[in-house]
Amino acid sequence: MKKIYLDNASTTAIRPEVIQEMTKVLAEDYGNPSSTHSFGRNAKSVLELSRKSIAKHLNAAAQEIIFTSCGTEANNWILRSAVKDLKVKRIVTSKIEHHAVLYTVLALQEEYGIQVDYVAIKPNGEIDTTDLVELLSQETKTLVSLMHVNNEIGTILNLDRIGIICKQHNALFHSDTVQSVGKTEIDLQKLSVDFIVASAHKFHGPKGVGFAFVRKNSGLQPLFFGGEQEKGLRAGTEAVHQIAGMAKALELSYANLESEKIYISELKSYLIHQLEIEFPTFSINGNPEGFYNILNVLLPLSEDKTAMILFHLDMKGIAVSRGSACQSGSIKASHVLAEFLSSEDLKKPSLRISISHYNTKEDIDVLVQALKTI
């Protein structure tokens with residue numbers, strides 16, 4: 001049985017060139033980058049060249065890229081330090097953020113008594129910018145935390161517009177860009193964003209490594225303490241092979257961005273067309289014009305099929321999800337869909353299908369045929 005992977009928003013296959021790069025570093029550059037001897041200096045060189053490469057692709061300064069273990073760590077660090085060290089008194093976010101942001105904000109509210117406001121969500125799953133402007137009319141020191149591409153429904157935030165709004169109201173702007181880094185152009189010189197985060201495994205790199213962009217002179221302080229690694233902001237010996245793999249993955253993602261984007265967009269259009277033929281009454285959750293590799297669909301199947309749909313597809317070797325992989329073991333309805341679907345629609349089967357350049361039209365055909373048999 002051929003296995004078909006259509007869950008690329010949760011994680012991606014590592015490109016062969018990335019594995020090759022990581023293997024080389026593991027074998028040859030095993031020194032501690034904090035050591036002063038030649039082994040350490042070689043590892044340090046790999047580390048800093050990786051930092052420069054990542055910074056170049058995002059049009060940032062190398063010193064503004066701080067390596068972390070993942071996007072979750074980076075989100076936690078930025079939000080916590082903003083409250084603790086930058087004396088932010090209020091966080092404006094949305095109820096469709098990733099739990100790495102939502103749960104951190106709730107913990108900070110409990111610990112520091114900060115004010116938390118949630119911006120309204122439009123019926124198509126997008127942020128209501130008019131409501132955001134209204135929320136920012138308060139004079140309190142505020143940080144706005146809104147994700148660039150929603151990981152469940154693929155709605156896209158206009159980073160440029162939100163950045164300008166935040167700047168006009170003297171608010172700090174943090175964006176969880178885990179789903180968009182490596183999949184779309186981000187120019188940090190042109191955007192008024194203070195902090196973004198990324199995770200390598202979302203753009204065909206290794207798991208267990210990510211980075212934060214922290215605009216210089218932000219005043220952020222470390223999340224935990226130890227050595228002086230990462231300019232004293234992130235203690236712990238750097239995973240040089242992981243970081244080199246992440247830099248290679250990002251380099252390849254941007255080198256192939258246009259061709260892969262066109263290819264994946266065509267596959268997504270083909271998927272929508274096939275669903276229209278086989279399930280004429282299906283609907284798309286969120287904006288149909290959402291991000292090019294994510295499609296979240298509400299299927300015209302009975303409620304009793306909801307709990308078993310992933311199991312049935314998995315038995316046929318097909319991997320998709322009902323929501324974020326971080327919570328897909330849960331049978332609760334998606335917190336994202338709950339914000340704009342009716343209680344009736346929420347009970348029906350919704351699927352998140354996320355595509356990569358490794359997928360084919362045959363994969364789509366097999367998925368649609370499998371859905372017909374459920």
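In this predicted model, seven strands are joined into an open sheet whose order is 2-8-7-6-5-3-4, and the pairing within the sheet is mixed. The edges of the sheet are formed by strand 2 (65-68) and strand 4 (115-118), each of which pairs on one side only. If direction is ignored, neighbouring strands of this sheet are turned by 20° against each other on average.

At one end of that order, strand 2 and strand 8 (residues 210-214) pair in the antiparallel sense, and four bridges connect them. One of the residues involved is I66, whose bridge partner in strand 8 is A212.

Helices also lie against this sheet. Helix 3 (residues 71-84) lies across strand 2, strand 3 (90-93), strand 5 (142-145), strand 6 (172-176), strand 7 (195-199) and strand 8, and it runs at about 160° to strand 7. Helix 6 (residues 159-168) packs on the sheet as well, where it touches strand 5 and strand 6, and its direction makes about 155° with that of strand 6.

The second sheet is described next. It is an open sheet of three strands in the order 9-10-12, and its pairing is antiparallel. Strand 9 (283-284) and strand 12 stand at its edges with a single partner strand each, so one side of each is left without a neighbour in the sheet. Helix 8 packs on this sheet and touches strand 9, strand 10 and strand 12, while its direction makes about 15° with that of strand 10.

Within this sheet, strand 10 (residues 294-298) and strand 12 pair in the antiparallel sense over five bridges. Two of the facing residues can be named: L298 stands opposite S350 in strand 12, and I294 stands opposite S354 in strand 12.

How many of the five residues of strand 12 (residues 350-354) are buried? Five of the five are buried, so strand 12 is largely enclosed by the rest of the structure. Both of its faces are covered, since S350, R352 and S354 on one side are buried and L351 and I353 on the other side are buried too.

Two pairs of helices can be set side by side, as the table shows.

| Helix pair | Angle | Distance between axes | Handedness of crossing |
|---|---|---|---|
| Helix 3 and helix 4 (residues 99-112) | about 30° | 10 Å | right-handed |
| Helix 8 and helix 11 (residues 361-372) | about 25° | 10 Å | right-handed |

Angles under 35 degrees count as roughly parallel, and helix 3 and helix 4 are therefore roughly parallel to each other. In this pair, T72, N75, N76, L79, R80, V83 and K84 of helix 3 meet A100, V101, T104, V105, A107, L108, E111 and Y112 of helix 4. A general feature of helices is useful when reading such lists: an α-helix has 3.6 residues a turn, so residues three or four places apart point the same way.

For the other pair, helix 8 and helix 11 pack at an angle of about 25°, and that makes helix 8 roughly parallel to helix 11. Their contact is made by L267, Y270, L271, Q274, L275 and E278 of helix 8 together with K361, I364, D365, L367, V368, Q369, L371 and K372 of helix 11.

Helix 7 (residues 240-255) allows a simple check of its length. At 1.5 Å a residue, its 16 residues should span 22 Å, and its end C-alpha atoms are 22 Å apart, which agrees. Twelve of the 16 residues of helix 7 are buried, so helix 7 is largely enclosed by the rest of the structure. These buried residues are V240, Q242, I243, A244, G245, M246, A247, A249, L250, L252, S253 and Y254. What do the buried residues of helix 7 pack against? They pack against helix 1 (16-28), helix 2 (38-58), strand 2, strand 8 and helix 8 (257-278).

Finally, a single residue can be followed outside the helices and strands. K87 lies in the loop between helix 3 and strand 3. Is K87 buried or partly exposed? At 48% relative accessibility, K87 counts as partly exposed, because that label covers values between the 20% limit for buried and the 50% limit for exposed. Not counting residues up to four places away in sequence, K87 touches A82 and K141. By contrast, K87 and Y263 are 176 residues apart in sequence and 46 Å apart in space, C-alpha to C-alpha.

Technical notes:
Residues are numbered from 1 along each chain as its sequence is written. This is a predicted model: local features need pLDDT of at least 70, side-chain atom pairs count only at pLDDT 80 or more; totals for chains, interfaces and linings use all residues. Side-chain values use heavy atoms; hydrogens and water are left out. Two strands pair if DSSP finds at least two bridges between them. Axes are lines fitted to C-alpha atoms, for helices over the stretch in contact, and angles run from 0 to 180 degrees between N-to-C directions. Contact means heavy atoms within 4.5 Å. The expected span of a helix is 1.5 Å times one less than its number of residues. Buried means under 20% relative accessible area, exposed over 50%, partly exposed in between (1.4 Å probe, protein chains only). Angles under 35 degrees count as roughly parallel, over 145 as roughly antiparallel, 65 to 115 as roughly perpendicular and the rest as oblique. A crossing is left-handed if the near helix is turned anticlockwise from the far one by less than a right angle, and right-handed if clockwise.
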